[in-house]
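Work through the exercises below with the model open. Try each task before reading its solution.

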Amino acid sequence: MEGKRSMDGKTIILRLEIDMRHAGFSAAAAALESAGGDMIAIDVIQTNRERSVRDLTVKVSETSSIEKISAALTAIPGIRVVNISDRTFLLHLGGKITIQPKTPIQNRDDLSRVYTPEVARVCQAIHQDPSKAFTLTVKRNTVAVISDGSAVLGLGSIGPYAAMPVMEGKAMLFKQFADVDAFPICLDTQDTEQIIATVKAIAPAFGGINLEDISAPRCFEIEHRLRSELDIPVFHDDQHGTAVVLYAGLLNALKLTGRTLAESRIVVCGIGAAGTACTKMLLAGGARNIVGVDRPGILTADHTYDNKVWQWYANNTNPSRLSGGLAEALAGADVFIGVSAGGIVTRDQIASMKPDPIVFAMANPEPEIRPELIEDIVGVIATGRSDYPNQINNVLCFPGIFRGALDCRASLINEEMKLAVAEAIASVIHDDELSRLYIIPSVFNGRVVEEVRRRVIDAAHRTGVARRQPRE
């Protein structure tokens, strides 16, 4: 339904095939008008005496009119609707990324240097010293964006083919924001061991691995194994990107409302990949009182859970052994962090928190509670959406963290580097700029990647995982 809603009031393009022996274009135009469409352009794609293929650019004002238009045209003998697309679909034709050579091949001398026979010297140099692959191949600046399509944001398990447009978009963001070359790789398997083996097999070509949209709990095992078995950074963005940007926003929200992380009671709703990673980051940053809530209610060490992630969570959080559900968890809490489902929190539950609470309702596309329902009773509210202030967006993290990791040739991305990234993002907003509507910088703020890169490199050297000192 979200996809249909996005077409409201927009321009669509209809490709029609008209059998001129049975129907005329005037019949199609009349059907369009009667169904509520406003035709603004006609392009003839192919035509002869018997058949005509045309693209009609049509303004529609309601979702229902798209369906009405299609039905009205299809009902006319001799007219076939080949497809319906809008500007978004057109942007995706042929994919959104391409590969281009850095140096044109203009003569035989160029050809011999980029390929045979001169390339053999470069191959031999790498064979003698494999670390030279970082300087003499695309490995130096290339990240693999890898998914199995099992947990695509807002869509669920849609498989590798349908996940490709998302991974292509991710690759575009890497290039646009941090000049990192990224390539989308969607695997036609959800078997943990097959995924691990495949990523290890292709790793020689890449300087980093960005795991994306892999469902829990498999994502934990896949990342853990790859981190321990590869010598390049492996980063599951759904976990750690979310956690980093959340923590950055929370640092500023705490400052704005006069709280400290150690003294705040924090409720996390949705104990999956993102919720667990957010909690681990908060604990690493000094939080001492976190309460997790999922389908069984408040997770507590007083109970035993079949879910290993929940059991770890229960054993490492909720020091007061609270019990009950979300309402009981929120009563008297300072902070709510939602990475669960839309519309599950009520205004009364937020009102039961301490005065001026911090609410991060990050479920997408529908937040746990809409900001307009509680803006008069909260200190700060953030969501995962771009149409509200304070968007918690992973784009603030992953381009810069990989830019820094690649530049210092880090062997992994550790907790110290992630904490440094969060602090870097938070620091982009100066104290005199902070407000309840501005606790996190825009994804288009050019200072973010620059500051994140710098602090990632510092943290990597400080913790001994950097293998190169980049030139500034």
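A disulfide is a pair of cysteine sulfur atoms within 2.5 Å. Keep that cut-off at hand for the first exercise. The model is predicted.

**Exercise 1. Cysteines**

Find how many disulfides the structure holds, and account for Cys278 and Cys397.

Solution.
Step 1. The count of disulfides is 0.
Step 2. Start from Cys278, which is in no disulfide. The nearest cysteine sulfur belongs to Cys397 and is 11 Å away.
Step 3. Now start from Cys397. The closest cysteine sulfur to its own is that of Cys278, at 11 Å, which is too far for a bond. The cut-off for a disulfide is 2.5 Å.
Step 4. Check burial, where buried means under 20% relative accessible area. Cys278 has 1% and is buried. Cys397 has 0% and is buried.

**Exercise 2. An open sheet**

Give the strand order of the open sheet formed by 4 strands, and say which strands stand at its edges.

Solution.
Step 1. The order is β2-β3-β1-β4, with antiparallel pairing.
Step 2. Read off the edges: β2 (38-47) and β4 (79-86). Each has a single partner strand, so one side of each lacks a neighbour in the sheet.
Step 3. Add the twist. Neighbouring strands are turned by 20° against each other on average, direction ignored.
Step 4. Look at one pairing. β1 (residues 11-19) runs antiparallel to β4, and 7 bridges join the two. Leu14 stands opposite Ile84 in β4.

**Exercise 3. The second largest pocket**

Describe the volume and lining of the second largest pocket.

Solution.
Step 1. The volume of this pocket is about 1300 Å³.
Step 2. Its lining has 30 residues. Nearest the centre lie Ile99, Gln100, Lys102, Val138 and Asp181.
Step 3. Assign the lining to elements. At least two residues each come from α5 (108-114), α6 (119-128), α7 (133-136), α8 (159-178) and β6 (181-186). The largest share, 4 residues, is from α6.
Step 4. Sort the lining by character: 17 nonpolar, 7 polar and 6 charged residues.

**Exercise 4. One isoleucine**

Is Ile457 buried or exposed, and which helix holds it?

Solution.
Step 1. Ile457 sits in helix α18 (residues 447-462).
Step 2. Ile457 has a relative accessible area of 3%, so it is buried.
Step 3. Compare with Phe444, 13 residues away along the chain. The C-alpha atoms of Ile457 and Phe444 are 22 Å apart.

Terms used:
Residues are numbered from 1 along each chain as its sequence is written. This is a predicted model: local features need pLDDT of at least 70, side-chain atom pairs count only at pLDDT 80 or more; totals for chains, interfaces and linings use all residues. Side-chain values use heavy atoms; hydrogens and water are left out. Two strands pair if DSSP finds at least two bridges between them. Axes are lines fitted to C-alpha atoms, for helices over the stretch in contact, and angles run from 0 to 180 degrees between N-to-C directions. Buried means under 20% relative accessible area, exposed over 50%, partly exposed in between (1.4 Å probe, protein chains only). On a 1 Å grid over the protein atoms alone, a cavity is a set of points where a 1.4 Å probe fits but cannot get out, and a pocket is an open set with protein on both sides within 12 Å along at least five of seven lines; lining residues have an atom within 4 Å of a point. Grid points are joined across faces, edges and corners, and a volume is the space filled by probe spheres set on the points. Ala, Val, Leu, Ile, Met, Phe, Trp, Tyr, Cys and Pro count as nonpolar, Asp, Glu, Lys and Arg as charged, and the others, Gly among them, as polar.
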